Every structure is written in C-alpha cells, then in structure tokens.
Amino acid sequence: MDTIQITLPDGATRQVARGTTAAQIASQISPRLAKEALVARADGELVDLSQPLERDVKLSILTAKEPDAVQVFRHSAAHLMAAAVLELYPNVKLGVGPPTDSGFFYEFLRPEPFTPEDLETIEAKMRELAARDIPNERKMLPKPEAVELYRQSRQEFKCELVEEKAVEPMVSFYTTGKFIDFCRGPHIPSTGRIKAFKLMSVAGAYWKGQEGNPQMQRIYGACFIEPKELEEYLHKLEEAKRRDHRKLGAELDLFSIEEEAGPGLIFWHPKGGVIRRQMEDWLRAELTRHGYDLVYTPHVMRLDLWKTSGHANFYRENMFGAIEVENAEYQLKPMNCPGHILIYKSRLRSYRELPIRLAELGTVYRFERSGVLHGLMRVRGFTQDDAHIFCMPEQIEREVQDCIEFAWEVLRVFGFDRYEVELSGGDPARPQDYAGTAEEWKRAEDALTGTLQRMNVPYKYMPGEAAFYGPKIDVKLVDAIGRPWQLTTVQFDFNLPGRFKLEYVGEDGSRHQPLMVHRALWGSVERFFGVLIEHYAGAFPAWLAPVQVAVLPVSGKFEEYAKKVTQQLKDAGFRVRHDDRNEKLQAKIRDAQLEKIPYMLILGGKEAEAGTVSVRHRSKGDLGPRPAEEFIADLRREVDSRA
C-alpha cells in the first residue's frame with residue numbers, strides 16, 4: 001500500500017494511506033475530536049478537513065480553541081449569508097465576504113437598500129440553509145472557465161477579482177449548495193455547525209475601498225461557535241450602547257460638536273471643562289515630578305518645516321491644506337514634534353543636559369475623512385499629551401522603560417487594571433513607506449524589544465504598523481466591559497534628529513546626533529476623555545466628577561443650614577451644588593442621580609439641630625447621618641487618594 005507519514009503536534013507519528021483526509025485522521029484520534037474539528041493545519045498551512053493528504057506532513061486538527069479555526073468558521077458563515085441573499089435576491093452583485101473579529105460581512109450591489117426587515121428575512125433563510133447541513137465543497141476550474149462562469153452570471157465584481165488575483169492555471173472555488181464563490185478557503189465541512197449568528201447592520205462601502213468606485217451594501221453579522229458566546233456578545237453591545245460617550249456627553253452636558261463650526265471639532269462645556277482641568281492639572285504635576293519641562297509651540301508653522309520633517313511627504317493625506325500668508329505657505333500642525341525639535345535646536349546642547357524631556361498639551365489638526373469621525377474618539381482637532389525625549393544612545397532603553405512605567409501609573413490612577421501591549425515594526429516589503437535604513441530600523445526595534453523583555457512585559461509583534469519614522473510600543477487599556485483602546489504610544493525615532501541635523505557636544509568634545517523618543521500617555525485628551533466616559537458610564541470617581549456633592553434640603557425651612565453646609569464644602573475646596581428648588585426631596589434625589597453626582601447630603605430638622613448631614617451615595621444608597629466635619633474629612637481623603 002502507498003503510505004505517507006503524519007506527524008501530530010505531540011510528536012507522535014502515524015502511517016496512513018496516501019489520500020487519507022484530515023477528517024479521517026481526526027476520527028482515528030478520537031470521536032470527540034472528529035465532532036469538534038473545524039479545519040486542519042498541514043505544514044503550517046490551513047486546509048479543509050476533506051482535503052486528501054498526498055505527502056508526509058505535520059498535521060494539526062483545529063477546533064474552536066484555535067483563533068485561526070474560529071476565523072475559518074466565520075468566513076464560512078459569510079458564505080452562508082451570501083448563499084441566502086442570492087436565493088432571496090437573485091439579481092444582486094457579489095463583492096467580498098471576509099471574517100471579522102466578531103463575525104463576518106459580505107458586500108452586495110443592489111439598487112434597493114437592504115432594510116431591517118430584509119435582514120430578518122435573510123437571517124431566517126440562513127437558518128434554513130444551516131439546518132440542511134449543506135457541504136462546503138472545493139472545486140478547481142481553469143482560469144478562463146472561471147472568468148466565463150462569472151461573465152455569464154453577470155457577476156462583474158467577481159469576474160474582476162478572478163482576473164486580478166487568480167493564479168494560472170487553476171482557480172479555487174467553494175460551493176454551498178447552489179452558491180459558488182471564488183475563494184482560496186479553507187472552510188468548515190458544512191453549514192450545520194453554524195447556529196450562533198445574528199445579522200447586525202448594513203453600511204455603505206466603496207468597492208475595493210476606493211472613492212469613485214460603485215458603492216456596495218455591506219451586511220455585517222455577529223457569529224460565534226456557541227449560542228452562549230453570542231448572547232454574551234449581544235449583551236456587551238447593549239452595555240456599550242448604554243455607555244456610549246456621545247449619548248452620555250449630551251445627557252451630562254459635557255461636550256458637543258456644533259455643525260455650524262464643522263465636523264470633528266469639540267466644544268467642551270463647563271462640566272466637561274471641569275473634568276479636563278482635573279485631568280490636565282494632575283498630568284502637569286506628574287510631568288514635572290518625572291523630570292519633564294513643559295513647553296508651548298504655535299498651532300501653525302511654515303510648510304517648509306513639514307517638508308524637512310517628512311510629514312509633507314509621508315503624512316500629506318492626513319494634513320489640512322496649506323495656508324498662504326504674505327507669499328509664504330504655512331501649515332496647521334498635525335504633530336507637535338517639529339516644534340519641540342526647534343526648541344532643542346535653538347542652541348547647542350551638551351551631553352551633560354541629556355536627556356532633555358519636553359512635554360506639551362499641544363492641540364493639533366488632522367484631516368480625518370467625514371466617514372471615520374466618531375464623537376471624541378476620531379476628531380479633526382485634538383490635544384495630545386505629547387512629549388519628546390532627546391537622549392544619547394546609551395540612555396534610550398532607560399528612557400523607554402520610564403515611559404512605560406509612567407503609562408502604568410496613568411492607567412492605575414484613572415481606574416484601569418488591564419492592558420495589552422503591541423510592538424509595531426516596519427514592513428520589509430514596503431521600504432518606500434518608511435524613512436531610514438534597514439540597519440537603523442533593526443537597531444530601533446532591538447532597543448524596544450530589549451526593553452519590553454527586560455521588564456517582563458508580554459507583547460504582540462505587529463509588522464507594518466510602525467510610524468514612518470520609527471517603530472513604536474503601543475499600550476491598549478482594557479475598559480470595564482473588556483474592550484481594548486489604543487491610547488499610550490512610545491515611539492523610537494532615529495529619523496527626525498538626522499533630518500533636522502540635531503547635535504550635542506559629547507564628553508569627548510566632538511559633536512554627536514541624539515536619539516529621540518516620541519511619547520503620549522493618553523494619546524489625546526479627547527480620546528482618553530471619551531474612554532473615561534464609557535469606562536465609568538458617566539459616573540466619574542469623586543476626584544473627577546464635575547459636581548462632587550449635592551446639598552438637598554428637605555424643605556425651604558432648612559435653607560439657612562443648607563447654605564452653611566454648602567459654604568463649608570466650598571471652603572474645603574469641593575465642587576458642590578445647593579439644590580434650593582421648590583421641589584420634593586425625591587425629585588431632587590432623582591435629578592442628582594441622573595447627573596451621577598457621587599454624594600447627596602439630605603438636610604432636615606434632625607440634621608440642622610445636631611449639625612449633621614445624612615449621606616447618600618449614588619450607587620451605595622443611604623449611608624446614614626454623620627457630622628458634617630467628618631464627612632468633609634472623609635471626602636478629602638477619597639479625593640486626594642483618587643480612589
């Protein structure tokens with residue numbers, strides 16, 4: 001018998017007949033594995049369970065425990081949806097249908113917009129097709145035959161993809177019943193496993209993401225292996241809606257975006273301004289404590305400066321247009337770094353001064369397309385908590401470590417205890433997208449890698465995600481409902497010091513070029529504030545809350561005592577509101593709860609006579625009567641500790 005050798009992940013080997021499938025091997029290993037198997041990996045490449053194995057191979061059978069298998073599962077769900085759509089609407093034109101982090105989408109061209117009722121109909125058809133347990137089968141066609149197949153069915157987008165992407169001579173297709181799709185796969189064996197899904201929304205998307213191309217309708221679906229996972233995901237989405245910073249920002253009167261001024265531009269209202277001031281005051285004090293010097297730079301500078309920095313070349317599409325002033329072109333700054341470089345360059349520096357750490361809460365302006373603007377999270381004008389460190393090569397790793405430790409401190413103070421770290425490197429296949437040499441990039445990445453390893457910080461390497469001037473470390477905080485947010489970044493830059501010819505006089509008396517670190521802890525004030533709103537669902541800790549205490553007299557008879565307590569709180573430095581409206585106490589409590597004020601002090605006859613206050617907390621409820629001075633002392637400790 002013609003046999004081949006299969007090597008399993010544990011090192012065990014099996015001799016099997018040539019042409020044996022991964023599904024058959026899974027059955028030999030265990031019935032449970034055969035039942036749970038979704039896809040296989042042969043010599044590192046994902047393959048269908050039904051694919052015959054024709055040579056000696058290292059084989060892994062993948063179940064839902066493997067992220068790669070889950071993505072294959074979701075891609076198969078995208079095919080299931082496309083099959084359902086074609087049965088219901090035979091004249092639609094097909095685009096592409098990849099998996100996503102939570103499910104899948106597929107793009108369609110159709111004259112009529114898909115409605116919520118259409119999504120319900122499509123979902124019902126998907127369940128019908130899934131229940132029929134239709135096999136996903138791979139077929140190979142010669143490229144000319146594949147092109148002709150799509151030409152005859154008038155699927156011009158698929159025809160275009162085959163002509164562009166298919167490698168001669170044979171083209172891979174997958175069928176799900178009557179549905180056939182140009183796809184390299186792999187896929188799960190059949191539709192029967194796909195049970196936990198829900199169609200979520202429809203969005204417009206240009207074909208291939210290029211303006212000017214036809215606009216497709218992209219149907220998004222959520223998809224998980226088990227129904228419980230889908231339930232948890234949908235619950236998380238509902239919780240995210242409840243915490244949406246745009247909704248809470250309006251309800252709590254924190255900020256607005258005014259159409260008369262333009263999209264992506266934030267107006268901070270008084271209450272939002274109070275929180276921002278607390279954030280910035282804390283940060284400025286910490287910057288000083290960590291050895292940073294605070295600076296201020298102009299919002300607009302000559303365009304030539306941005307040509308020198310490389311932004312006019314590598315970052316042009318994200319910059320606003322130039323402004324002409326007295327026959328010279330100026331540019332709204334998209335970054336703070338060139339301004340800090342000019343401060344460094346204003347005089348010759350000595351090695352004794354290094355490292356020099358310049359920090360600025362600097363407002364920058366970037367041309368974000370209207371389709372990606374999103375509340376505080378994606379804007380056109382925002383304030384970065386920016387810093388740039390100029391140092392000698394032997395200081396670089398220490399400075400990077402200090403930046404990361406500073407980031408941990410920021411996360412702790414603002415109430416975050418989970419985070420993820422990524423190291424973003426360059427893409428060797430696209431050197432034209434980056435400044436500097438391969439040797440410089442390697443040295444920079446080695447410095448960042450060495451720092452993370454020395455600190456025992458787990459990280460994920462992200463090739464192709466670096467800034468054009470150097471690799472970077474990104475810290476993603478994880479909020480109260482488990483969502484990661486990209487905020488903190490620490491970037492190594494060997495490029496700009498060379499472009500601007502920066503120097504320092506070394507201990508040997510000769511001139512050397514410093515290295516540079518870009519560092520932002522919040523990313524931007526706006527984005528971090530938006531994350532804080534959603535993390536706390538608008539119920540800020542006492543040290544940040546716009547109003548820390550509401551004084552609520554039971555009736556007008558106790559106004560004088562309420563004024564006295566209010567003044568005591570103000571004298572102690574707290575933000576307090578005396579609610580002297582002619583309203584019932586329950587109405588005052590309800591309104592204070594809606595405003596998410598941390599503490600309410602109920603004042604009636606007993607309190608006025610005893611000099612006490614009845615304390616109510618927004619989430620803990622009634623805490624009982626206490627002397628006013630004792631409450632003030634406890635609140636002072638809570639605020640000072642930033643609990």
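How much accessible surface does the protein chain have, and what share of that surface belongs to carbon and sulfur atoms? The accessible surface comes to about 30,900 Å², of which 50% belongs to carbon and sulfur atoms. These values describe a predicted model, in which the protein chain has 643 residues, 53% of them counting as buried.

**Overall build**

- The secondary structure of the protein chain comes to 20 helices and 33 strands, and the C-alpha trace spans about 95 × 75 × 55 Å along its principal axes.
- Where contacts in the protein chain join residues at least 6 apart in sequence, 68% of them link residues at least 24 apart.
- The protein chain carries 88 positive and 96 negative charges, and the mean positions of these two sets are 2 Å apart.

**Helix 6 and its surroundings**

- Helix 6 covers residues 156-165, and its buried residues are Phe157, Lys158, Cys159, Leu161 and Val162.
- The cover over these buried residues includes one helix, helix 5 (143-152), together with strands from several parts of the chain, among them strand 6 (93-94), strand 7 (103-109), strand 9 (170-176), strand 10 (179-182) and strand 12 (215-224).
- Lys158 forms a salt bridge with Asp181, the closest N and O atoms being 2.6 Å apart; because Asp181 lies in strand 10 and Lys158 in helix 6, this pair ties together parts that are 23 residues apart in sequence.
- Both partners of this salt bridge, Asp181 and Lys158, are buried.

**Salt bridges elsewhere**

- Side chains of opposite charge can pair when their charged atoms come close, and the count for this model comes to 52 salt bridges.
- Glu353 takes part in a salt bridge with Arg347, at 2.8 Å from N to O, and also in a salt bridge with Arg349, where the closest N and O atoms are 3.5 Å apart.
- The residues of this group are covered to various extents: Glu353 is partly exposed, with a relative accessible area of 28%, Arg347 counts as partly exposed at 45% relative accessibility, and Arg349 is buried, with a relative accessible area of 10%.
- A network of salt bridges links Glu87, Lys125, Glu128 and Arg132.

**A negative surface patch**

- Glu226, Glu229, Glu231 and Glu232 form a negative patch on the surface.
- Of these residues, Glu231 has its place in helix 7 (residues 227-243), and Glu231 counts as exposed because its relative accessibility is 56%, where exposed means over 50%.

**The surroundings of Ala467**

- Ala467 is found in the loop between strand 23 (460-463) and strand 24 (472-478), and this loop residue counts as buried because its relative accessibility is 15%, the limit for buried being under 20%.
- Leaving aside residues up to four places away in sequence, Ala467 touches Tyr434, Trp441, Lys472 and Gln491.
- One of these contact partners, Gln491, is 24 residues from Ala467 along the chain, and the C-alpha atoms of the two residues are separated by 7.9 Å.

How values were computed:
Residues numbered from 1 in each chain as written. Predicted model: local features only at pLDDT ≥ 70, side-chain atom pairs only at ≥ 80, totals over all residues. Heavy atoms only, no water. Buried < 20%, exposed > 50% of the residue type's maximum accessible area, 1.4 Å probe, protein only. Helix = DSSP H or I, 4+ residues; strand = E, 2+ residues; numbered from the N terminus. Contact = heavy atoms within 4.5 Å. Patch = residues over 30% accessible without salt bridge, like charges linked within 9 Å, V, L, I, M, F, W, Y side chains within 5 Å. Areas by Shrake-Rupley, 256 points an atom, 1.4 Å probe, with all protein chains shown as cover. Salt bridge = Lys/Arg side-chain N within 4 Å of Asp/Glu carboxyl O. Lys, Arg positive; Asp, Glu negative; His and termini not counted. Charge placed at Lys NZ, Arg CZ, Asp CG, Glu CD.
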